[in-house]
Amino acid sequence: MSDTPVAAPPDLIGSSAAVCQAVLRLRGDALHAELARIAGELLACPRAAFVAAPLPASPTGAASADALAADVMRDAECLGRYEIAGRIFDAGDRRQLEGLATLTATLLQMHGLAQRTTHAYAQVEAQLAHQSQILDQIHESVLTTDRMGYITSWNRGAEQLFGYSAVEAVGRHILFLYVDEMDQEGADFPDAFAEQGGRMMEVRRRKKSGEIFWASLSLSPLRDLDDKPVGLIAYLTDITERKQAEERLHHLAYYQELTGLPNRTLFARLVDQGLTSVQRNEGTACVLYLDLNRFKLINGTLGRTVGDELLRQVAQRFRSTLRDEDVVSHLAADEFAVGLFDVRQHFEATTVAQKLQAVLEAPFQIGGHDLRVGASVGISVYPQDGHDAETLLRVADIAMQRAKERVDNPDHSVAFYRGDMNEGMQQRMQIESGLRHALGHGELLLHYQPKFEIGSARLVGAEALVRWLHPQRGMVPPIEFIPLAESTGLIVQVGEWVLEQACAQAAIWQRAGLPPFRLAVNVSAREFTASLPGRVAETLKRYRIDASWLELEITESTLMHDIDYVIGIMDHISALGVALSLDDFGTGYSSLSYLKRFPIDTLKIDRSFTTGIPADTSDCAIASTIISMGRKLGHRVIAEGVETLEQMEFLRQAGCDEVQGYLYGKPLPAYEFEKALRENWLLVA
Ligand code: C2E
Ligand code: MG
Ligand code: MG
């Protein structure tokens, strides 16, 4: 017997720890040898082996009583086998060995699994590093956003393109790169694209530096593992250069390089567009064809550089003469064209033609030369002469040739394509130049027509009406020259003269001891500008007459423009103490809601309604309505054109305040008016 403690024989639990260590630490033959050692130790058997798979065909001595074997199986796969021999084994030994085999199988399986997973992770990591390297290397900028539009990734290309680093960009909303937050693709951003599966477009974006550039943008949805859209991938490429090239091409295709004006192609397009709206409004449009006189001579003798500069300057003068809505084109060499839309009367085009001719009158100083060119102008009219730009240009060209043939002065020569229009124009030009002459030579005069209070038949005022005493034609009624003066702008001078003359007359009557009565002066829309109140005040002061002597009659059409602007001017005039009346009331379209805002004293029922009284029931109804409305708004109401007692009676009963018309007095020259006033008319004191 010995005292030496005997080591407890290893059991399966102790072996498990040993197998665990072996599987974790060892590989191949070393592992197999260790497993064999553990088996030998567990079963106290000197001959133990671990045979690795694949196994030889039949186990060596597995069946004999002094040998045992147990397969190490994972599912259906055999990983190896324990074989022991060298003593007699019982069933307990067998169970021990099989237990060890099962344990070994489980440990080998788990270790294999763990190794594969680690390997797979390493591979994924490598792949990701790879991909982000690729993303960073490509020149395109690539960024991703979530469904709300917040940036989730930003590659190096994006850093270079936009100038923002990934740190600055990630987490911000994509809209911060937009030029305008209302950009087309911003409106339904970003879900719609994610659902639709992407889209290509050309967009403008802003860099960190503030610079704006063009980019081609391709959007595709970013999906999760369940294929649900979780955001967007955006690829952007800078295409600014291509865009600029396109713009240059566009410019070359549609503009004359020399003058920068639209060329014939663009002109035709713009005119055709303009005609569409003219057609809708049943209006008139004109095309002017201008050909420079003497240009070829200058170009031939002084050379192309001078010629080119001359054309550039001509183009500038034309452009600055025309309104923004007029189209001007440089067709070729020394030929230009102008498109005018919304022309009320065809002869308005003559005014424009003359302005364009006049703007060439001052010499052009180029290269030390004083150069003079003029232009002959041909005009075609839509719709009479053609319905499209090409036709209108062609016939305007023909008209221009005709204008040039007029040898007297081709620089002032304007011709319409249709001859009868020339006549109208000729007459108009005669009237225009005649009227200018009349203004300077005392051919204009004023007649005065009395206005009476309806109940008392007392005189309350007089309307000053302009007359033109033409040396050959005799008395020309205003209807023949006022509309024309309005279209040429000459009305401003006529109006100045009328105001001056009426105030001069008021001063005479004031000095003659007449009590003040209002002298009404007609003011056309073109005179109704911010300078009018000042001019009125200054004139009253100069003639030292009281403001109660003066009244201004304005027509409804004056009120059609900028209402607040017009009301401002009216307020200034009222503040002076000058009365305002609304002439020809009922013929315009003044909105009733505005009517109450106008500081007017009197509404003047248009003559066309008075004429129908009492036979025409609707004229009667209109007159009555105007009267009651005017009174309710606190205005006086006067009816003009009263010729009969029936009209007067109707108006009196309807409650009209004043009348004016041939029944009581025609427009008369000042001295006759004064005579009638002293002899026949009662004045309201
Ligand atoms: P209006 O301001 O409505 O002037 C009234 C017109 O009706 C005047 O015509 C007047 O002579 C005429 N009239 C007056 N009573 C009767 C009548 O009982 N029967 C008929 N048949 N006619 C009557 P007139 O003088 O030919 O003036 C026509 C228009 O010319 C004026 O209409 C006014 O719009 C414009 N006008 C006249 N003088 C001037 C002026 O100095 N400046 C401006 N801007 N326009 C003026
Ligand atoms: Mg009037
Ligand atoms: Mg009138």
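This report describes the magnesium sites, the aromatic pairs and selected residue environments of a predicted model.

## The magnesium ion (ligand 2)

Four residues of the protein supply donors to the magnesium ion (ligand 2): E463 through OE, N522 through OD1, E553 through OE and D583 through OD. These donors lie 2.1 to 2.2 Å from the ion. Along the sequence, the donor residues follow the spacing E-x58-N-x30-E-x29-D.

Two of these donors can be placed in the secondary structure. E463 belongs to strand 17, which covers residues 458-470, while N522 belongs to strand 19, residues 518-523, so the pair ties together parts that are 59 residues apart in sequence. Their surroundings can also be described. E463 has a relative accessible area of 4% and is buried, whereas N522, with a relative accessibility of 29%, counts as partly exposed.

## The magnesium ion (ligand 3) and the bridge

The magnesium ion (ligand 3) is coordinated by D583 (OD), D584 (OD) and E640, the last of which is listed with OE twice. The distances here run from 2.0 to 2.4 Å. In sequence, the donors of this ion are spaced D-D-x55-E.

Which residue bridges the magnesium ion (ligand 3) and the magnesium ion (ligand 2)? The bridging residue is D583, and the two ions lie 4.2 Å apart. D583 is buried, with a relative accessible area of 6%. D584 has a relative accessibility of 23% and counts as partly exposed, because the limit for a buried residue is under 20%.

## Aromatic pairs

Across the whole structure, a search finds 13 aromatic pairs. One of them joins W468 and F481: the ring centres are 5.6 Å apart and the planes stand at 85°, so the pair is edge-to-face. This pair links distant parts of the chain, with W468 in strand 17 and F481 in helix 14 (residues 478-488), 13 residues apart. W468 and F481 are both buried. Strand 17 thus appears in two settings, as it holds W468 and also the magnesium donor E463.

Another aromatic pair consists of F517 and F673, with 6.0 Å from centre to centre and an angle of 35° between the planes, an arrangement classed as tilted. F517 is found in the loop between helix 15 (491-511) and strand 19, and F673 is found in helix 22 (residues 670-679), so the pair ties together parts that are 156 residues apart in sequence. Both residues, F517 and F673, are buried. They also belong to a cluster linked by ring pairs, together with Y448, W509 and W549.

## Charges over rings

In two places a charged side-chain end is positioned over an aromatic ring. The charged end of R317 sits over the ring of F364, at 3.6 Å from the ring centre. The charged end of K666 sits over the ring of Y662, and here the distance to the ring centre is 4.6 Å.

## The surroundings of T539

T539 is located in helix 16, which spans residues 532-543. Is this residue buried or exposed? T539 is buried, and its relative accessible area is 2%. Leaving aside residues up to four places away in sequence, T539 touches L499, E500 and C503.

Methods
Residues numbered from 1 in each chain as written. Chains lettered and ligands numbered in written order. Predicted model: local features only at pLDDT ≥ 70, side-chain atom pairs only at ≥ 80, totals over all residues. Heavy atoms only, no water. Donors = N, O, S within 2.8 Å, 3.2 Å for Na, K, Ca; no water. Helix = DSSP H or I, 4+ residues; strand = E, 2+ residues; numbered from the N terminus. Buried < 20%, exposed > 50% of the residue type's maximum accessible area, 1.4 Å probe, protein only. Phe/Tyr/Trp six-rings, centres within 6.5 Å; stacked < 30°, edge-to-face > 60°. Lys NZ or Arg CZ within 6 Å of the ring centre and 35° of its normal. Contact = heavy atoms within 4.5 Å.
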